[in-house]
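Visitor: I should like to understand the reasoning behind the terms used for this model. Could you take me through them?

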Amino acid sequence: MVAAGSGLPPFERVVEDHGPALLRFCTAEIGPERADDCFQETLLAALRAYEGLRDPRATRAWLFSIAARKAVDLHRERARSPRPDPDLEALGAVGAAPEPDPALWSRVRSLPPKQRQAVTLRYQADLSHREIARVLGISEAAARRNVFEALARLREELRR
Amino acid sequence: MSWARAGRPISRRARARRLTDMTNTDLRLDSRSLEARLRRAPAPTDRLERARAALATRAATTGLVDVAFARHASPLGTLIVGVTPRGVVRVGLPSEDEDAVLDELARRISPRVLASPAGALGRARRQLDEYFAGRRRRFELPLDWQLAQGFRRAVLRATARIPYGRTASYREVAARAGSPAASRAAGSALANNPLPLLVPCHRVLPSSGALGGYRGGADAKARLLALEGAR
């Protein structure tokens, strides 16, 4: 049991405040068919580690650090399994909702990991560069550079 | 992100790309529309509710939730029912702010407060429904008394023994809790009853015969007493 008087808000509020961005992040990172797994595993891990959160103001960066690790794990699993056709895949597995922009997101998912995560954290989870830096364990300048490089690369690929 | 932001180290490769891009007059628009496309949500909102429901179910089986809560519709309005592994720990009346109730649980018990899975807390919810339908005269639920200590707890325990449809005065309750002179303290304990309805503090009235106060408002108190045929 987490000690009472830790000053942390009820965990339900973490889900309420950050759940929408977290599900968007998971969907963007690993696709709609596995996003629910990523969402649940992130929040279960966060619930387990909640007492380790010292500063409630850092909740978002803390939560997305966990999410980024879970996404990497799930991404690796996915890479190990035979790769389906990205367009078919973007249509979603049975029961999963299709993405509105499959062409873009299948390209995002092919970016180098740091760039991919930087871009999803920036645009889907709406994190600041400083928060992205914290999540990815890199400098703020490196976070900016990763977003920048990812955009440049996506622009190039989409133009082809 | 924009080109205009200065003071950012740019790799040689990026600088080369930047020069190439500069020649493209569509660049600014292109960059903005790409960012707009990236911001568009790939997750429809109805999926969020499903994902949260699945989380509640999984979390409940892990033993990681110290307080599970459910919202329950009643004739008084929406109640919040909070349970710990020991029993019902809190009933929030419609007059109470939900955020404040959850904050209190986090502060006084544990911040691991999470919505319970659909269908959980069935026994408590069923008994509340039966009570409001006039089909139940006493609750048979395990209670967790940890939000009331000492004399306050004694007052609540004494209150829990007032039968359905009967009333007692603050002085009587104070006496049954062991301090006949402490009717004011008894009133304060009842005003902060963490388990209204289950511990029927609405059955305690001033000896003047007036209705007296109630955490859920005087109107709710009058309705409950009328339901029980007490007044």
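**Burial, backbone and domain contact**

Guide: In this predicted model, B:Leu121 counts as buried, since 20 C-beta neighbours lie inside 10 Å.

Visitor: Why is B:Leu121 called buried?

Guide: The term requires 20 or more other C-beta atoms within 10 Å. B:Leu121 has 20 such neighbours, so B:Leu121 meets the cut-off and counts as buried.

Visitor: Where is B:Leu121 found, and what is notable about its phi?

Guide: B:Leu121 is in the loop that runs between β4 (113-115) and α5 (122-132) of chain B. Its phi is near 55°, a positive value in a residue other than glycine.

Visitor: How do you know that B:Leu197 is buried?

Guide: The cut-off is again 20 or more other C-beta atoms within 10 Å. B:Leu197 has 23, and therefore is buried. B:Leu197 belongs to the loop between α8 (183-191) and β6 (204-205) of chain B, and its phi is positive, about 75°, although B:Leu197 is not a glycine.

Visitor: Which domains does the assignment give for chain B?

Guide: The assignment gives domain 1 (48-132) and domain 2 (150-227). Nine residues from domain 1 of chain B and ten residues from domain 2 of chain B take part in the contact.

Visitor: What makes up the side of domain 1 of chain B that touches domain 2 of chain B?

Guide: Seven of its residues are nonpolar, one is polar and one is charged. Strand β3 (residues 87-92) of chain B supplies the largest share of that side, four residues. The C-alpha centres of the two domains lie 24 Å apart.

Notes:
Residues numbered from 1 in each chain as written. Chains lettered and ligands numbered in written order. Predicted model: local features only at pLDDT ≥ 70, side-chain atom pairs only at ≥ 80, totals over all residues. Domains from an automatic or database assignment. Contact = placed C-beta atoms within 7 Å. Helix = DSSP H or I, 4+ residues; strand = E, 2+ residues; numbered from the N terminus. Nonpolar A, V, L, I, M, F, W, Y, C, P; charged D, E, K, R; others polar. Buried ≥ 20, exposed ≤ 12 C-beta atoms within 10 Å, placed from the backbone.
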